[in-house]
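Trainee: Please take one part of this model and look at it closely. I would like to see how that part connects to the rest of the chain.

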Amino acid sequence: MTRSGSPAWPGIKPGALCAWLGLLLAWPLAGSAQPAARAHVHGQVKLEVVIDGPTVVIEMSSPLDNFVGFEHAPRSDSERQRVDDVLARLRLPDEMFKIDPVGNCKLGPVSLRSAALGLGKGEGASAEAHADLDGTFAFNCTNATATKFIDLGFFNAFRSVRQIDAQIASPQGQFQRTLKKPNARLAWSK
Ligand SMILES: [Zn+2]
């Protein structure tokens, strides 16, 4: 139940890593036509769905606030409980991502990342006032390329989420979709 803070990263100075991450984050903006790609907007979740061969892989980026209502390491038992509940929900994301049954998809590896929560490649101390919770959700399917929609559970599960911006890369083409509450079906096809 108790967590003993962020995992240690021996040999890496937080300051150096922050600077390196800063470069990494700034780089895509240099020559890109998508300045809003990394925007941190409360209420908004970004998804990138890639359908390739037998897999459906979903990359999620979101402000941490969307899920737990704060953007720092948990400071009380109730905050800790909240984080544990959210992480449990996202690690078994059947209700978050109900993929078109025609694909016959089963959940594969899930990885969650949040520096504020000490998950994944977190950089520990940060001067930023905001924090994210990102995830990668992989599904293995017998007919992935036939799928045409995913019913998303975010609006039901997390009150703060109001909009989902998604990019889909599938054998049927590339699609961009914006869903506003309560429209929870992410659909694509020509
Ligand atoms: Zn924020």
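Mentor: Leaving out neighbours within four places in sequence, Leu 152 is in contact with Met 96, Phe 97, Ile 164, Ala 184 and Leu 186. Keep in mind throughout that this is a predicted model.

Leu 152 belongs to the largest nonpolar core, which has 25 residues. Together with Leu 47, Val 49, Val 56, Ile 58, Phe 97 and Ile 164, Leu 152 is one of those with the most contacts inside this core. At least two core residues each come from strand 1 (44-52), strand 2 (55-63), strand 3 (97-99), strand 5 (132-141), strand 6 (149-152) and strand 7 (163-170). Strand 1 gives the largest share, four residues. Apart from this core lies another one, of ten residues, including Leu 64, Val 68, Val 83 and Val 86. As a general point, nonpolar side chains in soluble globular proteins tend to be buried together.

Next to Leu 152 in the sequence is Asp 151, which lies in strand 6. Asp 151 has 14 other C-beta atoms within 10 Å, so Asp 151 is partly exposed; to be buried, a residue needs 20 or more. Not counting residues up to four places away in sequence, Asp 151 touches Lys 98, Ala 184 and Arg 185. Ala 184 is thus a contact of Asp 151 and also of Leu 152. Asp 151 and Asp 100 are 51 residues apart in sequence, yet their C-alpha atoms are 7.7 Å apart in space.

From Leu 152, the contact with Ile 164 leads to strand 7, which covers 163-170. Strand 7 pairs with strand 1 in the parallel sense, over seven bridges. Within strand 7, Ile 168 stands opposite Val 49, and Val 49 is among the core residues with the most contacts. Strand 7 also pairs with strand 8, here in the antiparallel sense and over eight bridges. Strand 7 and strand 8 form a hairpin with two residues between them. One bridge joins Gln 163 to Lys 180 in strand 8.

These pairings are part of an open sheet of six strands, in the order 4-5-2-1-7-8 and with mixed pairing. Strand 4 (105-113) and strand 8 (173-180) stand at the edges with a single partner strand each, so one side of each has no neighbour in the sheet. On average, and with direction ignored, neighbouring strands of this sheet are turned by 15 degrees against each other.

Just before strand 7 comes Arg 162, in the loop between helix 4 (154-157) and strand 7. Arg 162 counts as partly exposed because there are 18 C-beta neighbours inside 10 Å. Residues up to four places away aside, Arg 162 touches Gly 43, Lys 180 and Lys 181. Arg 162 and Asn 66 are 96 residues apart in sequence and 9.2 Å apart in space, C-alpha to C-alpha.

Lys 181, one of the residues that Arg 162 touches, is followed by a cis peptide bond to Pro 182, with omega near 5 degrees. Pro 182 sits in the loop between strand 8 and strand 9 (185-187). Leu 186, a contact of Leu 152, falls within the range of strand 9.

Another backbone detail concerns Asn 104, in the loop between strand 3 and strand 4. Asn 104 is not a glycine but has a positive phi of about 50 degrees. With 15 C-beta neighbours inside 10 Å, Asn 104 counts as partly exposed.

For the chain as a whole, there are four helices and nine strands, and the elements run α-β-β-α-α-β-β-β-β-α-β-β-β from the N terminus on. Of the 190 residues, 24% count as buried. Among contacts between residues at least 6 apart in sequence, 64% join residues at least 24 apart.

A word on confidence is needed. The chain averages a pLDDT of 84, and 76% of the residues score at least 70. Over residues 1-37, however, pLDDT stays under 50, and the model has 17 contacts beyond four places in sequence for that stretch. Where pLDDT is low, the predicted coordinates should not be read in detail.

Note on methods:
Residues numbered from 1 in each chain as written. Predicted model: local features only at pLDDT ≥ 70, side-chain atom pairs only at ≥ 80, totals over all residues. Core = buried A, V, L, I, M, F, W, Y, C linked by C-beta atoms within 7 Å. Buried ≥ 20, exposed ≤ 12 C-beta atoms within 10 Å, placed from the backbone. Contact = placed C-beta atoms within 7 Å. Pairing = 2+ DSSP bridges. Axes fitted to C-alpha atoms, helices over the stretch in contact; angles between N-to-C directions. pLDDT = per-residue confidence, 0-100.
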